[in-house]
Amino acid sequence: MENGDSSYNLILKSLSEKATAKIEVVKKATDAFNTMKTVLKQLELQLQSALANLDNRIIIKYSERGPFDLEFKISDDVIIISLHTDAFTFPESHPIWKNSYMKGQNQKAYFGMISIYNFLTDSLKYNRTNDIGILIARIFVNFENHFFVEGKKQLGFLYNDLENDLFTEKRIRDLLESAIIHSLNSDIYTPPFDQVKVISVQELMDKNLSTILSTGKRLGFKLQSDTDIQ
């Protein structure tokens, strides 16, 4: 019976510490995701207004692909923002554990996660299913609303002050603008000639030629193992 009592108390302890923290971080991530909706709507209107007399062919459009995915179309880029509905922590080898902020409360180690992807506008417009998108940032926010970002180039080092940085509306706007700038500044590289020189007759018969070949930024140049993740 003592064993049973002990196990029961451990269940209660786990629920009061871990479960509560996990629920709270998902709520914080959801709140941040909803703020992103507001910020993207503002950006849409502001950019549309600023570009009205410049070139009406430039597309700026915000939309929601579902309850957990946002889309921001800007020129020939599409930013997809995806909210994950689970709480995450990190393996012991992750550098986050060296941060002094992480010492003490275990609840600080649970994070909600929001991912940002960059696709080409035409990939979605023409349903080019072989095309690829790139994960450019993962945002982690905890129950105290502290956050940091794993990301490419400036996204990886501008937002890594976990101890002091709070995921406020201003920081959300800063981050989204950084993600847009990164996407606009990343051009499409042609893949190596030898990679695309052969297609089969069956492929040509089954699909349009434009959908056979994959298109993506940095395609063929270590896309899957880029080393600029901080």
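**Entry 1: Glu-71**

I began with the neighbours of Glu-71 and found that, leaving aside residues up to four places away in sequence, Glu-71 touches Lys-61, Tyr-62, Ser-63, Arg-65, Val-78, Ile-79, Ile-80 and Leu-124. I note at the outset that I am reading a predicted model. Glu-71 has its place in strand 2, which spans residues 69-74. I then looked up the accessibility of Glu-71, and because the relative value is 8%, I entered this residue as buried, the cut-off for that word being under 20%. Among the residues touched by Glu-71 is Arg-65, and I found that the side chains of Glu-71 and Arg-65 are joined by a polar contact of 2.5 Å.

**Entry 2: salt bridges**

I next looked up the salt bridges, of which the structure holds eleven, and I went through some of them in turn.

I took Glu-24 and Lys-28 to start with, where a salt bridge is formed and the closest N and O atoms are 3.0 Å apart. Both residues lie in helix 1, residues 2-51, and they are four residues apart, which I noted as about one turn of the helix. I classed Glu-24 as partly exposed because its relative accessibility is 27%, whereas Lys-28, at 19%, counts as buried. Lys-28 falls on the buried side because the limit is under 20%.

I then turned to Arg-138 and Glu-150, whose side chains meet in a salt bridge at 2.5 Å, N to O. This pair links distant parts of the chain, with Arg-138 in strand 5 (residues 134-141) and Glu-150 in strand 6, twelve residues apart. I recorded Arg-138 as partly exposed, since its relative accessibility is 30%, and Glu-150 as buried, with a relative accessible area of 13%.

I also looked up Arg-171 and Asp-165, and their side chains meet in a salt bridge of 2.8 Å, N to O. Asp-165 counts as buried at 11% relative accessibility. When I followed the contacts of this pair further, I found a network of salt bridges that links Asp-165, Lys-170, Arg-171 and Asp-174.

**Entry 3: Tyr-110**

I went on to Tyr-110, which I located in the loop between strand 3 (77-88) and strand 4 (111-120). Although Tyr-110 is placed in a loop, I had to enter this residue as buried, because its relative accessibility is 12%. Not counting residues up to four places away in sequence, I listed Lys-18, Ala-21, Lys-22, Val-25, Phe-88, Thr-89, Val-141, Asn-142 and Phe-143 as the residues that Tyr-110 touches. For one of these, Ala-21, I also looked up the spacing: Tyr-110 and Ala-21 are 89 residues apart in sequence, and 6.9 Å apart in space from C-alpha to C-alpha.

**Entry 4: the largest pocket**

I closed with the largest pocket, for which I noted a volume of about 240 Å³. Eleven residues line this pocket, and I wrote down His-94, Pro-95, Ile-96, Phe-148 and Asn-160 as the closest to its centre. I then asked which element gives the most to the lining, and the entry reads strand 6, residues 147-151, with three residues. Strand 6 is also where I had placed Glu-150, the partner of Arg-138. Sorted by class, the lining of the largest pocket came out as five nonpolar residues, five polar residues and one charged residue.

Methods:
Residues numbered from 1 in each chain as written. Predicted model: local features only at pLDDT ≥ 70, side-chain atom pairs only at ≥ 80, totals over all residues. Heavy atoms only, no water. 1 Å grid on protein atoms, 1.4 Å probe; cavity = no way out; pocket = protein on both sides within 12 Å on 5 of 7 lines; lining within 4 Å. Points joined across faces, edges and corners; volume = space filled by probe spheres on them. Helix = DSSP H or I, 4+ residues; strand = E, 2+ residues; numbered from the N terminus. Nonpolar A, V, L, I, M, F, W, Y, C, P; charged D, E, K, R; others polar. Buried < 20%, exposed > 50% of the residue type's maximum accessible area, 1.4 Å probe, protein only. Polar contact = N/O pair within 3.5 Å; in protein donor to acceptor, adjacent residues only side chain to side chain. Contact = heavy atoms within 4.5 Å. Salt bridge = Lys/Arg side-chain N within 4 Å of Asp/Glu carboxyl O.
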